Amino acid sequence: HWWTLKAVRRKLNAASRGELAWQDEVRLTQTVVRDTRTWIRRSMGWRQPQVTGDAAVTLFTDASRTGWGAVAVDRRTGRLSIDGARWSAAEQSLHINALEARAVELALPLLGNEEDIVADVWVDNTSVVGALRRGNSCAQDTAATVARILEQLRRRRIAATVGYVQTARNPADAPSRIALHSLPYSVIYEQVQSFFASPP
């Protein structure tokens, strides 16, 4: 869909510069027309999930140039789950925003196998937070990952709220930088307690 967005943006920019009047008709390719109709149809049929009650699971994610990390807290049982891994050489060349989005995707299994639950997802990258809230990203590599994340949530009927957490308060920061067997688990536990004692 990147070419469609680019084509539409060119027309809007031309109108902003006064080269086109806003009421002028413009010629669009069949691909642009098809994509636009698909987006309109999907947006008309989309409904915001009805969130009732507190989140069952709170998920923190993070990415560094070294790897990704995630910490999930089951709010009903208090169980803490931690995961993470190193990036491949190819992944390390990606933009940090793409890596942050990929970290969210890789962390989704920590939400468990349940369906119809409410989850809070906290990310320390404002671009990824915005992309997940909007449902899209202007960056092609990030957009594909965001689409996969939202499709997984939709398929499992998980109503997720996405928020920004400062890096210093993000329990997933350490797993994104340190091998799991060397993690300072007591520090992560303290960060989780501090977050819930004084949420953003």
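What percentage of the 200 residues of the chain count as buried? In this predicted model, the share of residues that count as buried is 38%. The legends below begin with the whole chain and then turn to its parts.

**Figure 1. Overview of the chain, with 8 helices and 5 strands.** Along the sequence, these elements follow the pattern α-α-β-β-β-α-α-β-α-α-β-α-α. Taken along the principal axes, the box filled by the C-alpha atoms is roughly 65 × 40 × 30 Å. The accessible surface amounts to about 12100 Å², and carbon and sulfur atoms contribute 52% of this area. Among contacts with a separation of 6 or more, 68% join residues 24 or more positions apart.

**Figure 2. The open sheet of 5 strands.** The strands are arranged in the order S3-S2-S1-S4-S5, and their pairing is mixed. Strand S3 (80–86) and strand S5 (159–164) occupy the edges; each has a single partner strand, so one side of each lacks a neighbour in the sheet. From one strand to the next, the twist averages 15 degrees.

**Figure 3. The antiparallel pairing of S2 and S3.** Strands of a sheet pair through backbone hydrogen bonds, in either a parallel or an antiparallel sense. For S2 and S3 the sense is antiparallel, and the pairing extends over 7 bridges. Within this view, Val73 has Leu80 of S3 as its bridge partner.

**Figure 4. The largest nonpolar core, made up of 29 residues.** The members that touch the most other members are Leu59, Val104, Leu111 and Leu132. At least two residues of this core come from each of strand S1 (57–63), strand S2 (67–74), helix H4 (96–107), strand S4 (118–123), helix H5 (126–134) and helix H6 (140–155). The greatest contribution is that of H4, which gives 5 residues.

**Figure 5. The surroundings of Leu111, a member of the largest nonpolar core.** When residues up to four places away in sequence are not counted, Leu111 touches Val57, Leu59, Ile117, Ala119, Leu153, Arg156 and Ile158. One of these residues, Leu59, is itself listed with Leu111 among the core members that touch the most others.

**Figure 6. Another core, lying apart from the largest nonpolar core.** This core consists of 11 residues, including Val73, Val165, Leu183 and Phe195. Val73 also appears in the strand pairing of Figure 3, where Leu80 is its bridge partner in S3.

How values were computed. Residues numbered from 1 in each chain as written. Predicted model: local features only at pLDDT ≥ 70, side-chain atom pairs only at ≥ 80, totals over all residues. Heavy atoms only, no water. Core = buried A, V, L, I, M, F, W, Y, C linked by side-chain atoms within 4.5 Å. Buried < 20%, exposed > 50% of the residue type's maximum accessible area, 1.4 Å probe, protein only. Helix = DSSP H or I, 4+ residues; strand = E, 2+ residues; numbered from the N terminus. Contact = heavy atoms within 4.5 Å. Pairing = 2+ DSSP bridges. Axes fitted to C-alpha atoms, helices over the stretch in contact; angles between N-to-C directions. Areas by Shrake-Rupley, 256 points an atom, 1.4 Å probe, with all protein chains shown as cover.
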